[in-house]
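User: Please examine the structure below, and then answer some questions on its packing and its ligand site.

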Amino acid sequence: MEIVRQVSDIIKFREKELTKHTIGFIPTMGALHKGHISLVERSVNENTYTIVSIFVNPKQFNDSSDFINYPVTIESDLELLKKSKCDLVFIPEAKDIYQDYYGFKMDFDGLDKIYEGEFRPGHFQGVVDIVYRLFDIIKPHNSYFGEKDFQQLAVIKLMVSKSRLNINVIPCEIVREESGLAMSSRNERLSIEERKNAAEIYYVLNKVKNNIQIGDSPERLIVEISEEINQNAFLKTEYVAFCNPISLKPVLSFTQNSVVRLCCAIWCGKIRLIDNISLQF
Ligand code: AMP
């Protein structure tokens, strides 16, 4: 497995050695777990060359303490990647990757103002800035993103379509811990007690999935879901939303044969967790 740190080196390598390959790419912030690895394995199956980037992107953190405390586990990340047959890991530094690059401007069609965007101002601009830059350097054919970050996936699809990049954005299912808690690098910062209680988020989402009916009021359900989650002393709801899985617009009623995504952000102690589930009517 190649390890490349310099932007100029990966550009040269891409131009010289990879012209005949189908390239799969997975951008990550490291502290890798089975969720990330599921994306890598899918890429390894579907492409002749897989590149993973590890870069904790300062621009996408609206909360500086979240950035400072973001886990860094580079040695074990490299082991996991080697085992999963990743071909190349790109580990750039901020000053190199952002040198003479001031970001990618686009109209988010309002996607950056709702849900995650409302509570994390500037977050999606930071995401688009780094992913556009990485796409430009790596020029992958296929890129893999987890449905865990459902809104991010929608933003990346929008960016690719607006900038007319010829890159497939491939959504990958959420990988969960045995308890049901969506795997996340931030789970490592939960105490044992918090981690146990955080499993209630998926329990509630799944209960809604199993019981929801066409005549139910989304507005009323949002209140009930928030109340149920908040009853757990470890959890505090930031938002709960029923949305169209493509436009992400809020769903005002449930209709026959429709698919709706139920998304939420929940604080567990000092850690902010997000999760979502697909509902079929
Ligand atoms: P991150 O390192 O958090 O930026 O995540 C890198 C990629 O891995 C993103 O596309 C995430 O959506 C994806 N990812 C993170 N956690 C999971 C998970 N539990 N299941 C599936 N994909 C995930």
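**Core packing and ligand shell**

User: Setting aside neighbours within four places in sequence, with which residues is F90 in contact?

Analyst: The model is a predicted one. Contact here requires heavy atoms within 4.5 Å. With neighbours within four places in sequence left aside, F90 is in contact with V4, R5, Q6, V7, I10, V52, S53, I54, I97, L134 and I138.

User: Which element gives the largest share of the largest nonpolar core?

Analyst: That core holds 46 residues, of which F90, I97 and F135 touch the most other members. Among the elements giving it two or more residues are helix 1 (7–17), strand 4 (88–90) and helix 7 (123–138). The largest share, 9 residues, comes from helix 7.

User: How much of the ligand's area does the protein bury?

Analyst: Polar atoms approach the ligand from several residues: a backbone N or O atom of M29 is 2.9 Å from a ligand oxygen, and a polar side-chain atom of H36 is 2.9 Å from a ligand oxygen. A backbone N or O atom of M183 lies 2.8 Å from a ligand nitrogen. Taken alone, the ligand exposes 490 Å², and the share of this that the protein buries is 93%.

User: Which element supplies the largest share of the shell around the ligand?

Analyst: The shell comprises 8 nonpolar, 6 polar and 3 charged residues. Strand 2 (23–28), helix 2 (34–46) and strand 5 (142–146) each supply at least two residues of it. The largest share is 3 residues, and they come from helix 2.

Technical notes. Residues are numbered from 1 along each chain as its sequence is written. This is a predicted model: local features need pLDDT of at least 70, side-chain atom pairs count only at pLDDT 80 or more; totals for chains, interfaces and linings use all residues. Side-chain values use heavy atoms; hydrogens and water are left out. A polar contact is a pair of N or O atoms within 3.5 Å; within protein, one must be able to donate a hydrogen and the other to accept it, and residues adjacent in sequence count only if both atoms are side-chain atoms. Accessible areas come from the Shrake-Rupley method with a 1.4 Å probe; for residues, only the protein chains shown count as cover. Helices (H or I, at least four residues) and strands (E, at least two) are DSSP runs, numbered from the N terminus. Ala, Val, Leu, Ile, Met, Phe, Trp, Tyr, Cys and Pro count as nonpolar, Asp, Glu, Lys and Arg as charged, and the others, Gly among them, as polar. A nonpolar core is a set of buried Ala, Val, Leu, Ile, Met, Phe, Trp, Tyr and Cys residues joined through side-chain atoms within 4.5 Å. Buried means under 20% relative accessible area, exposed over 50%, partly exposed in between (1.4 Å probe, protein chains only).
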